[in-house]
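Dear colleague,

I am passing on to you the structure that you will find directly below. My notes on what was found in it follow, and I would be grateful if you could read them with the structure open.

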Amino acid sequence: LTNGTKGPMHWPAWVKLMETPPEKGYLLSLSVPWKVVKSKDELETSMKVLSSASTIAMDAEWVPETKGVAILQLATWEEVHIWDLQELGPLVLPHLRELLAAESVRKLGFCFSSSDWPRLSSLGPLELRRL
């Protein structure tokens, strides 16, 4: 989705667009439910689900020409959790460390170590283990 500028639409505008049914069909259709996580309570609920999953897929998105990460997408086989890092701020770091350290949860990401990881590490010290 774009709004006529370089790169993706501003994240809050995208969320609003996705939460408002359009007049002529949906722009995005997922076969699994997705949840935007932007509060402490939502983050804790998300962590319970994600830490009990056997496998999660991870992907990070950012605003072009910035250093940090805007959102982190974490998907199980049953649902997608979209962590709004701009809203969550420093709340996310201890939860992310816990999730990454959970040996019972397999983490998958495409080219994660070369593009997403350096940006995600800007949040604070994180440990990445490769298998």
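A convenient place to begin is isoleucine 71, whose bridge partner in strand 4 is aspartate 84. Glutamate 61 stands opposite isoleucine 71, which belongs to strand 3. Please bear in mind throughout that this is a predicted model.

Overall composition

The protein chain contains five helices and five strands. Read from the N terminus, its elements follow the order α-β-α-β-β-β-α-α-β-α. Of the 131 residues in the chain, 34% are buried. Among contacts with a separation of 6 or more, 57% are made by residues 24 or more positions apart.

The sheet

The five strands form an open sheet in the order 1-4-3-2-5, and their pairing is mixed. Strand 1 (34-37) and strand 5 are the edge strands, each of them pairing on one side only. On average, neighbouring strands of the sheet are turned by 25° against each other, direction ignored.

The pairings, taken across the sheet, are as follows.

- Strand 1 pairs with strand 4 (residues 80-84) in the parallel sense, over four bridges. Tryptophan 34 has valine 80 of strand 4 as its bridge partner.
- Strand 4 and strand 3 pair in the antiparallel sense over five bridges. A hairpin of four residues joins strand 3 to strand 4.
- Strand 3 and strand 2 are antiparallel as well, with five bridges between them. Here aspartate 59 stands opposite glutamine 73 of strand 3.
- Strand 2 pairs with strand 5 (residues 106-108) in the parallel sense, over three bridges. The bridge partner of alanine 57 in strand 5 is leucine 108.

As general background, the strands of a sheet pair through backbone hydrogen bonds, and the pairing may be parallel or antiparallel.

Helix 2

Helix 2 lies across strands 1, 2, 3 and 4, and runs at about 140° to strand 4. With 12 residues at 1.5 Å a residue, helix 2 should span 16 Å, and this agrees with the 16 Å between its end C-alpha atoms.

Which residues of helix 2 are buried? They are Leu43, Ser46, Met47 and Leu50. These residues cover an arc of only 105° around the axis, and therefore lie on the same side of helix 2. The face turned away from that buried side carries the exposed residues Asp41 and Lys48. The buried residues of helix 2 pack against strands 1, 2, 3 and 4, and also against helix 3 and helix 4.

Helix 4

Helix 4 lies across strand 2, strand 3, strand 4 and strand 5, running at about 145° to strand 4. Its buried residues are Val92, Leu93, His95, Leu96, Leu99 and Leu100. Seen down the axis of helix 4, they fall within an arc of 165°, so they line one face of the helix.

The nonpolar core

In soluble globular proteins, nonpolar side chains tend to be buried together. In this model, the largest nonpolar core has 21 residues, and those with the most contacts inside it are Ile56, Leu72, Leu74, Trp83, Leu85, Leu96 and Leu99. Two or more residues of this core come from each of helix 2 (40-51), strand 2 (55-61), strand 3 (71-75), helix 3 (85-88) and helix 4 (92-101). Helix 4 gives the largest share, four residues.

Leucine 85 may serve as an example from this core. It is found in helix 3. Is leucine 85 buried or exposed? Leucine 85 has a relative accessibility of 6%, and because buried means under 20%, it counts as buried. Leucine 85 and leucine 72 are 13 residues apart in sequence, and their C-alpha atoms are 7.1 Å apart in space.

To recapitulate, the model holds an open five-stranded sheet with mixed pairing. Helix 2 lies across four of its strands, strand 1 to strand 4, and helix 4 lies across strand 2 to strand 5. Both of these helices give residues to the largest nonpolar core.

With kind regards

Terms used
Residues are numbered from 1 along each chain as its sequence is written. This is a predicted model: local features need pLDDT of at least 70, side-chain atom pairs count only at pLDDT 80 or more; totals for chains, interfaces and linings use all residues. Side-chain values use heavy atoms; hydrogens and water are left out. A nonpolar core is a set of buried Ala, Val, Leu, Ile, Met, Phe, Trp, Tyr and Cys residues joined through side-chain atoms within 4.5 Å. Buried means under 20% relative accessible area, exposed over 50%, partly exposed in between (1.4 Å probe, protein chains only). Two strands pair if DSSP finds at least two bridges between them. Axes are lines fitted to C-alpha atoms, for helices over the stretch in contact, and angles run from 0 to 180 degrees between N-to-C directions. Contact means heavy atoms within 4.5 Å. The expected span of a helix is 1.5 Å times one less than its number of residues. The arc is that of the directions from the helix axis to the C-beta atoms.
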